Amino acid sequence: MIDRWIAEATECDFKVALEVKKPKSWLKTVSAFANGIGGTLFFGVDDNRNIVGLSDVQTDAEIISRLIKERITPLPEFVLTPMQEQGKGLLSLTVYSGSSTPYFYKADGVTEAYARIGNESVAAPDYMLRELILKGTNRTFDSLITDSRKADYSFTLLEATYLERTKLHFESTDYVSFGLSDKEGYLTNAGRLLSDQYIVYNSRIFCTRWNGLDKGSVFDDAVDDKEYEGNLIYLLRSGTEFVRNNSKVRFEKKEQYRVDKPDYSERAITEALVNALIHRDYLVMGSEIHIDIYDDRLEIHSPGGMYRGKPIQECGLDEIDSVRRNPVLADLFHRMKFMERRGSGIKKILYETAKLPGYAEEMKPVFHSTQSSFSVTLMNVNYSARLQSDQDSDRDSDQDSDQDVTKKILDFCSMARSKREICEYLGFNNLTYFTRTYLNPLLEEKVLLRTVPDKPSSKNQKYIRA
């Protein structure tokens with residue numbers, strides 16, 4: 001029976017016994033469950049789910065109820081249930097997700113709100129506490145009025161894009177009705193994010209095309225690197241253009257036509273990037289969206305996990321509720337036909353990717369979230385074919401034997417040289433292939449040395465003959 005209860009609990013925690021002298025050890029979990037998606041505490045069960053039992057279930061139940069009422073504020077909704085398992089008495093404490101957040105533990109001279117990070121209850125970080133405060137007052141970040149006056153800023157890109165996509169003019173009254181400003185002319189955060197000027201510091205995208213399958217030094221291992229900041233429409237266009245410029249479209253000739261075979265679905269990329277821009281958490285200071293393109297995949301990372309929900313990898317992708325962290329932005333982007341209001345972006349990413357020529361089930365997009373981040377990984381459907389082609393190209397273009405190549409490298413590295421300098425000197429196009437085939441063996445044999453041996457990925461890394 002206990003296994004069924006645990007399986008049905010979205011989040012659960014276990015306590016061998018009721019800690020009365022130091023109740024914060026379990027009360028902080030009560031706070032975290034109420035501030036999150038809820039959960040269940042089992043008393044009389046150890047961390048390995050072994051049934052230990054409680055000596056006095058009735059007394060423990062009375063103490064639990066009293067301490068929650070005394071030390072958690074505001075009072076969360078909870079249910080205490082006595083249970084019998086293997087002839088031993090247990091208690092299950094189910095705490096429901098609350099709407100009057102944040103729920104604080106308040107005792108011992110301490111007032112703290114807690115949140116679940118993984119399987120632990122920890123003090124809520126500042127950005128999470130600010131979001132809990134907004135949730136408790138039924139407000140969102142994008143709807144908050146700021147001290148920025150609309151008259152001090154321009155909105156040329158917004159108005160031009162709105163006309164282009166809707167065939168309607170953006171009227172002055174629309175700023176108020178769409179939630180971009182109030183009647184006194186002060187911008188909301190949504191309005192600030194759509195001005196032509198860069199006035200929201202976190203409104204940024206960092207884009208990198210890495211040469212290989214992993215991150216390295218931007219200065220040595222990045223083929224292309226761009227940073228964009230400002231208006232959300234500008235960020236959307238810049239991000240999609242960066243991906244377009246750093247991916248390829250292969251084609252296959254048929255008898256009377258040809259089949260284009262792009263690395264990624266452009267519609268899927270647009271959906272993923274719109275979701276990142278609209279649903280990200282702008283309260284995380286010093287944060288930005290990252291687009292990382294590798295040889296075999298593309299990753300989009302945005303600040304802020306699932307909004308009022310469990311991690312996406314624990315959800316059925318067909319069962320995700322459409323709860324919007326920034327509804328003002330979502331509504332406007334829906335009006336401009338960048339996204340749908342009913343939250344079908346994930347389904348669209350899956351559907352559009354599956355339509356690509358060369359797609360296989362193992363290339364299905366991957367979604368992952370934590371309390372503080374959300375990521376989408378799109379696989380390059382042409383990676384295997386291109387890798388073989390690049391290797392063949394390198395072999396065909398280079399007529400020298402391995403010994404000749406090695407001698408050339410060692411002669412060239414009589415002075416310290418960067419990896420890119422060596423590749424350009426030898427005429428290699430594929431940096432990953434060169435590193436794996438030639439550079440790494442020479443380093444292992446210690447006939448070639450790093451100039452910064454303690455930091456292999458240093459931006460200043462060079463190589464010199466031993």
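## Overall picture

Of the 466 residues in this protein, 48% are buried (under 20% relative accessible area; exposed is over 50%, and partly exposed is in between, with a 1.4 Å probe and protein chains only). You're looking at a predicted model, where local features need pLDDT of at least 70, side-chain atom pairs count only at pLDDT 80 or more, and totals for chains, interfaces and linings use all residues. Residues are numbered from 1 along each chain as its sequence is written, and side-chain values use heavy atoms, leaving out hydrogens and water.

The C-alpha trace spans about 85 × 65 × 50 Å along its principal axes. There are 16 helices and 20 strands in the protein; these are DSSP runs numbered from the N terminus, with helices being H or I over at least four residues and strands E over at least two. Take the contacts (heavy atoms within 4.5 Å) with a separation of 6 or more: 66% of them link residues 24 or more positions apart.

## A four-stranded sheet

One open sheet has 4 strands in the order β1-β2-β5-β4, with mixed pairing. Two strands count as paired if DSSP finds at least two bridges between them. At the edges sit β1 (12-15) and β4 (78-85), each with a single partner strand, so one side of each has no neighbour in the sheet. On average, neighbouring strands here are turned by 20° against each other, direction ignored.

β4 pairs with β5 (residues 88-95) in the antiparallel sense, over 8 bridges. Within that pairing, Gln84 stands opposite Gly89 in β5. Helix α3 (residues 57-71) packs on the sheet and touches β2, β4 and β5, its direction making about 20° with that of β5. Helix α2 (residues 24-35) lies across β1, β2 (39-43) and β5, and runs at about 160° to β2. For these angles, axes are lines fitted to C-alpha atoms (for helices, over the stretch in contact), and values run from 0 to 180 degrees between N-to-C directions.

## Backbone oddities

Now for the loops. The Thr73 to Pro74 peptide bond is cis, with omega near -10°, and Pro74 lies in the loop between β3 (72-73) and β4. Thr101 to Pro102 is also a cis peptide bond, with omega near 0°; Pro102 is in the loop between β5 and β6 (104-107).

Asn138 isn't a glycine, yet has a positive phi of about 55°. Asn138 is in the loop between α4 (126-136) and β9 (145-149), and is exposed, with a relative accessible area of 71%. Lys337 has a positive phi too, near 65°. Lys337 is found in the loop between α11 (327-335) and α12 (345-354) and is exposed at 56% relative accessible area.
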